[in-house]
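Thanks for sharing this one. Here are a few notes to read alongside the model.

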Amino acid sequence: LLLLSIFANHCSFVTGQRLRRALQIGELYSNLYSERSRWTLVGNIWRRLQSKHAHTGKLLAALAGVFMWEDEKIGDDELRRCAWELQALESVRSQNVNPKTAVHGDPGWEVVVEKKNVRVWRRPIQGSHLFEYRVFGSYTDVTPRQFFNVQLDTEYRKKWDALVIKLDMVDRDVNTGTEVIHWATHFPYPMYSRDYVYMRRYHVDMENNLMTLVSRAVRHPSVPETQEFVRVHSYQSKMVIRPHRSFDENGFDYLLTYSDDPQTVFPRYCVSWMVSSGMPDFLEKLHTAALRAKNMDVSVHDYVSIVKPTQPTQERLADNAHTGGPSQIYA
């Protein structure tokens with residue numbers, strides 16, 4: 001019993017020493033680094049844990065309220081696939097394929113809206129009662145840069161979109177510029193308001209004359225669900241813009257692919273009607289807001305000009321010598 005008591009006291013002493021040391025280290029880092037830097041450090045520690053013990057690392061990260069960027073990131077391949085989808089559609093259109101029955105040769109799409117400068121398709125999502133929607137349109141009176149910036153400027157959207165209740169950036173990855181956004185919006189009566197937590201990443205490809213914006217729903221520890229809104233967990237939006245000439249001259253085509261699950265009890269055809277009719281209306285509001293920005297009625301943040309180009313690979317160095325520099329811009 002005496003030996004057991006001595007051993008217990010020793011363990012208590014060692015544990016106390018380690019706890020005090022951990023607190024001292026925490027206080028030191030608190031004095032040396034900002035809050036954002038401390039979270040970045042913690043995130044790196046979780047990523048190391050995850051690489052060795054994947055399931056344990058994810059559990060600890062969730063308990064500690066750490067957002068795992070590496071797991072949730074929007075990759076370069078996903079951005080490139082969006083561009084390929086627009087190029088495939090352009091190829092089909094150039095071959096005079098009937099646009100009412102096909103999108104890039106896929107008969108699963110059916111046209112649901114057709115207007116002068118916009119066409120909307122839909123197709124069923126396998127294993128679901130929902131549809132995925134695709135919008136192809138053109139504008140000739142605004143520049144691609146203005147249209148692109150208006151989509152990204154959350155502060156400006158609060159002014160031109162009357163449905164917005166809340167629209168704030170809650171987190172940002174300094175390596176890629178990817179942002180996590182919390183968006184709360186009114187839904188048509190009698191439905192409750194919905195809120196979305198989603199990440200977004202954009203890409204400007206100067207060589208291929210394309211602008212891409214990808215958004216999709218994520219779970220973030222900084223924005224837990226509340227009773228105030230119905231949380232939408234399934235959401236994805238992909239926009240690709242092709243300038244007719246350049247980013248700063250009027251005229252462009254765009255392709256928007258969109259899906260979400262608003263968690264309503266309404267029949268499938270009601271939800272389809274709301275989305276297929278509401279989407280062109282939203283895009284027209286976006287267009288009007290871009291026109292106001294063009295006419296200098298409002299100030300809009302220029303997201304394209306602040307993005308630093310990525311480092312070119314060795315294979316691209318020779319090409320860049322002829323073009324005057326790297327042509328890929330990511331955020």
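The points below cover confidence, one helix and the largest pocket.

1. This is a predicted model, in which local features need pLDDT of at least 70, side-chain atom pairs count only at pLDDT 80 or more, and totals for chains, interfaces and linings use all residues. Residues are numbered from 1 along each chain as its sequence is written, and side-chain values use heavy atoms, without hydrogens and water.

2. The chain has an average pLDDT (the predictor's confidence in each residue, from 0 to 100) of 77, and 63% of the residues score at least 70. Confidence is highest in β5, at 96, and lowest in helix α9 (residues 314-323), with a mean of 38. Over residues 307-331 the pLDDT is below 50, yet this stretch has 41 contacts (heavy atoms within 4.5 Å) in the model beyond near neighbours in sequence.

3. Helices (H or I, at least four residues) and strands (E, at least two) are DSSP runs, numbered from the N terminus. Helix α6 (residues 144-152) is largely enclosed by the rest of the structure, because 8 of its 9 residues are buried (under 20% relative accessible area, 1.4 Å probe, protein chains only). Among them are F147, F148 and L152.

4. The largest pocket (an open set of points on a 1 Å grid over the protein atoms alone, with protein on both sides within 12 Å along at least five of seven lines) holds about 990 Å³ of space, a volume filled by 1.4 Å probe spheres set on the points. Its lining (residues with an atom within 4 Å of a point) has 39 residues, with R157, W183, Y258, G278 and F282 nearest the centre. Helix α8 gives the largest share, 11 residues.

Technical notes
Buried means under 20% relative accessible area, exposed over 50%, partly exposed in between (1.4 Å probe, protein chains only).
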